[in-house]
Amino acid sequence: MIPAAFDYVAPSTVREALAVLRSSAGDARLLAGGQSLIPMMRMRLVNPGLVVDLSRVADLAYVREHDGGIAIGAMTTYRTIETSLLVRERFPLLTEVASQVADLQVRNRGTIGGALAHADPSADLPALMVAADARILTRGGGRGRSIPATRFFVDAFTTALRETEIITRIVVPAPPARTGGSYQKLANRASHFAIVGVAALVTLDAAGVCSRVRIGVTGAGPAASRAQAAESYLAGRAPTEAALEAAAARAGDGIDFTDDLHGSAAYREHLTQRLAFRALSAAVERAG
Ligand SMILES: Cc1cc2nc3c(=O)[nH]c(=O)nc-3n(C[C@H](O)[C@H](O)[C@H](O)COP(=O)(O)OP(=O)(O)OC[C@H]3O[C@@H](n4cnc5c(N)ncnc54)[C@H](O)[C@@H]3O)c2cc1C
């Protein structure tokens, strides 16, 4: 199908893009890599009167050092993230997750800002963003906001973003020393979207006890979320197989499991627990 008719602008600054959004009374959509927006327009699931292309906006595509962690511009593609030496050095789990998204064509175009704003319930990056305590920085509507990823993903395809707000940057803090991470997903064979995906970050203290545990889950329910019951169970314990199993058994607590043609709710619950066990085990091994 071809999309409904729309107008198109390509501003060169964030300020100009924000002015266009404000004057379009909710009828405009931002275009980043187009990997989700264009298919949705072609299927006429969204029919914006105006498309605001961000590709000419200066200084939105970069990976930079930031307080020991990394700052990533919203228009940075998966491929740039996947191949960034800084990301590999500071936060190798992000390299690993980015490289598991879709295929090379999609990764060459799709951006981190577009992926987070789209908030597909099966997307990979959100699981890591919530686990990593990432912050999503925006401009628009007065002063800019710095939204914790844990509060950003509200529901399926629904975020804390306002209509007149643009994501400009994502800040991912450096994990503490002696932290290991792993992302485990059961991928849809055709699209590579996560039927369920679990990102785990485990920090061990000098005695080998889990001092900090972060677990992000995607695909299981309507929005990516932290598995806090599992995290609290494991924190302060030695990472024995029994402790990892008991933590993983709590990984689905609080999730309203999705039931669709890709998997029943019971299957997703089972996957969440098994993938949590694998992600925690691998994270502990890497932390050690
Ligand atoms: C064949 C295929 C396979 C895929 N497989 C996977 C997969 O395995 N895992 C996975 O996680 N994803 C997968 N995806 C989805 C894809 O990763 C992302 O949804 C996509 O890259 C979104 O980024 P984009 O830059 O293309 O955004 P666009 O499509 O341009 O925009 C998406 C949405 O975000 C909004 N937006 C864009 N930029 C901003 C901004 N800076 N501020 C505010 N709002 C903004 C747009 O208005 C739009 O609503 C797949 C997509 C395709 C086509």
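These are my notebook entries on a ligand site, a pocket and a cavity in a predicted model.

**Ground rules.** I number residues from 1 along each chain as its sequence is written, and I use heavy atoms for side-chain values, with hydrogens and water left out. Because the model is predicted, local features need pLDDT of at least 70 and side-chain atom pairs count only at pLDDT 80 or more, while totals for chains, interfaces and linings use all residues.

**Entry 1, the ligand.** I looked up the residues around the ligand, where near means that a heavy atom of the residue lies within 4 Å. There are 30, and Leu30, Ser36, Leu37, Tyr78 and Thr111 come nearest. By class I noted 17 nonpolar, 10 polar and three charged residues in this shell. Here Ala, Val, Leu, Ile, Met, Phe, Trp, Tyr, Cys and Pro count as nonpolar, Asp, Glu, Lys and Arg as charged, and the others, Gly among them, as polar.

Which element gives the most to the shell? It is α7, with four residues. β2 (28-31), α7 (112-118) and β10 (166-172) each supply at least two; helices (H or I, at least four residues) and strands (E, at least two) are DSSP runs numbered from the N terminus.

I then looked up polar contacts to the ligand (N or O atom pairs within 3.5 Å). An oxygen atom of the ligand is 2.7 Å from a polar backbone atom of Gly34, and an oxygen atom of the ligand is 2.7 Å from one of Leu37. A ligand nitrogen is 2.7 Å from a side-chain N or O atom of Asp124. The protein buries 90% of the 980 Å² that the ligand exposes when taken alone (Shrake-Rupley method, 1.4 Å probe).

**Entry 2, the second largest pocket.** A pocket is an open set of points on a 1 Å grid over the protein atoms alone, with protein on both sides within 12 Å along at least five of seven lines; lining residues have an atom within 4 Å of a point. I read a volume of about 210 Å³, the space filled by probe spheres set on the points. Of its 15 lining residues, Asp120, Ser122, Asp260, His262 and Arg268 are closest to the centre. The lining has five nonpolar, seven polar and three charged residues.

**Entry 3, the cavity.** A cavity is a set of grid points where a 1.4 Å probe fits but cannot get out. The largest has a volume of about 40 Å³. Its lining includes Ala119, Phe153 and Thr218. Domain 2 (63-172) and domain 3 (179-287) both give residues to that lining, so the cavity lies between them; the bounds come from an automatic or database domain assignment.

Note on methods: Polar contact = N/O pair within 3.5 Å; in protein donor to acceptor, adjacent residues only side chain to side chain.
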